[in-house]
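This report looks at how the interior of one protein model is packed, and at the empty spaces within and around that packing.

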Amino acid sequence: MITDVRQVCHPEAVRQFDTDALRAHFLVDGLFDPGTIQLTYSHIERFVIGGATPLATPLRLESDRATIGSANFLDRRELGVFNIGGPGTVTTDGAVHALGPRDALYVAMGTTDVVFASDDPARPAKFYLLSTPAHARHATKVVRAAEAKSLVLGDQATANRRTITQMIHPDVVTSCQLVMGMTQLAEGNIWNTMPCHVHDRRSEVYLYFDVAPDARVIHLMGNPSETRHLIVADGEAVISPPWSIHSGVGTRAYTFIWGMGGDNIDYTDMDMVAMDQLR
């Protein structure tokens, strides 16, 4: 099940990385290969980042014991699932959860059987998966985009008018350390998370989608005084270590799912970086 394992990189080492090395360590692509589950294990917060794209045959989430270290994937983990494709279902220990486009599901630690299915193989569901270690079992819960906590931020003048939808969030779902949501840029807006920040107590993963085939997002990363960038296409994710900024600008509007794990679940825990500190 685990297709790739990513080690932790010291920021002093990242200063020397060329484009290929940056992409090899921090960019996760190929998540939504039809008919498969693709998983990447990162030693940053021990994230597992994945995609499940079932066609006519449902797909079962299984443990890679050599990497996960347990008989079942969720024996000591919790899982967030976001559907960015057509309608589908996630069945957890026999309970069927219907997920439409942009719906989410929090799956509790201790769940032994997780199965993904598409309602229509011609328009398959695309389930984005993010998992973190867990210490307690909380309730499995579906979160509809319309029921989540939403914030409208930014301004057209700065090209960052956006809607932030907090879905796996303390005000919506009880989790151990996983916090997830979705940010959608309004048409004609291109900047996210600028002015930028770091949060040394937590790490983050960004999944970019709704990116047109001829469009790209330039994801900014790195130490504030030693920034780097990745060119990101539709359906690709970026692992953001705790010492790194995470911001981006697109060639047109796009959407991304952010997910965090670490010492706390405080969405506002961040250390702002002034524009004049960026290099």
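A disulfide is counted here when two cysteine sulfur atoms lie within 2.5 Å of each other. By that criterion, a search of the whole structure, which is a predicted model, finds zero disulfides. Two of its cysteines are nevertheless buried, since Cys-9 has a relative accessible area of 10%, and Cys-176 has one of 11%.

**Nonpolar cores**

In soluble globular proteins, nonpolar side chains tend to be buried together. In this model the largest nonpolar core has 27 residues, and those with the most contacts inside it are Ile-49, Tyr-128, Leu-207 and Ile-257. Six strands, namely β9 (104–107), β11 (127–133), β14 (162–168), β15 (179–185), β18 (202–209) and β21 (236–240), each supply at least two residues of this core, and the largest share, three residues, comes from β18.

Which residues is Tyr-128 in contact with, once its neighbours within four places in sequence are left aside? Its partners include Ile-49, Leu-207 and Ile-257, and also Leu-31, Phe-32, Gly-50, Gly-80, Val-81, Phe-82, Met-180 and Val-205. Apart from the largest core lies another, of 25 residues, among them Val-14, Leu-185, Val-217 and Val-232.

**Pockets and cavity**

The structure holds one cavity of 30 Å³ or more. The table sets the volume and lining classes of the largest cavity beside those of the two largest pockets.

| Space | Volume | Lining residues by class |
|---|---|---|
| Largest pocket | about 350 Å³ | twelve nonpolar, six polar, three charged |
| Second largest pocket | about 210 Å³ | four nonpolar, three polar, five charged |
| Largest cavity | about 40 Å³ | four nonpolar, three polar, one charged |

Of the 21 residues that line the largest pocket, the closest to its centre are Ile-164, Thr-193, His-197, Tyr-267 and Met-270. The strands β13 (149–153), β14, β18 and β23 (255–262) each supply at least two residues of this lining, and of these β14 and β18 are also among the strands that supply at least two residues of the largest core.

The second largest pocket is lined by Asp-29, Gly-30, Leu-31, Phe-32, Ile-84, Gly-85, Lys-126, Phe-209, Asp-210, Asp-234, Gly-235 and Glu-236. Two of these lining residues, Leu-31 and Phe-32, are in contact with Tyr-128. The largest cavity, finally, is lined by Leu-61, Asn-72, Phe-73, Leu-74, Thr-111, Thr-112, Asp-113 and Val-114.

Definitions and conventions: Residues are numbered from 1 along each chain as its sequence is written. This is a predicted model: local features need pLDDT of at least 70, side-chain atom pairs count only at pLDDT 80 or more; totals for chains, interfaces and linings use all residues. Side-chain values use heavy atoms; hydrogens and water are left out. A nonpolar core is a set of buried Ala, Val, Leu, Ile, Met, Phe, Trp, Tyr and Cys residues joined through side-chain atoms within 4.5 Å. Buried means under 20% relative accessible area, exposed over 50%, partly exposed in between (1.4 Å probe, protein chains only). Helices (H or I, at least four residues) and strands (E, at least two) are DSSP runs, numbered from the N terminus. Contact means heavy atoms within 4.5 Å. On a 1 Å grid over the protein atoms alone, a cavity is a set of points where a 1.4 Å probe fits but cannot get out, and a pocket is an open set with protein on both sides within 12 Å along at least five of seven lines; lining residues have an atom within 4 Å of a point. Grid points are joined across faces, edges and corners, and a volume is the space filled by probe spheres set on the points. Ala, Val, Leu, Ile, Met, Phe, Trp, Tyr, Cys and Pro count as nonpolar, Asp, Glu, Lys and Arg as charged, and the others, Gly among them, as polar.
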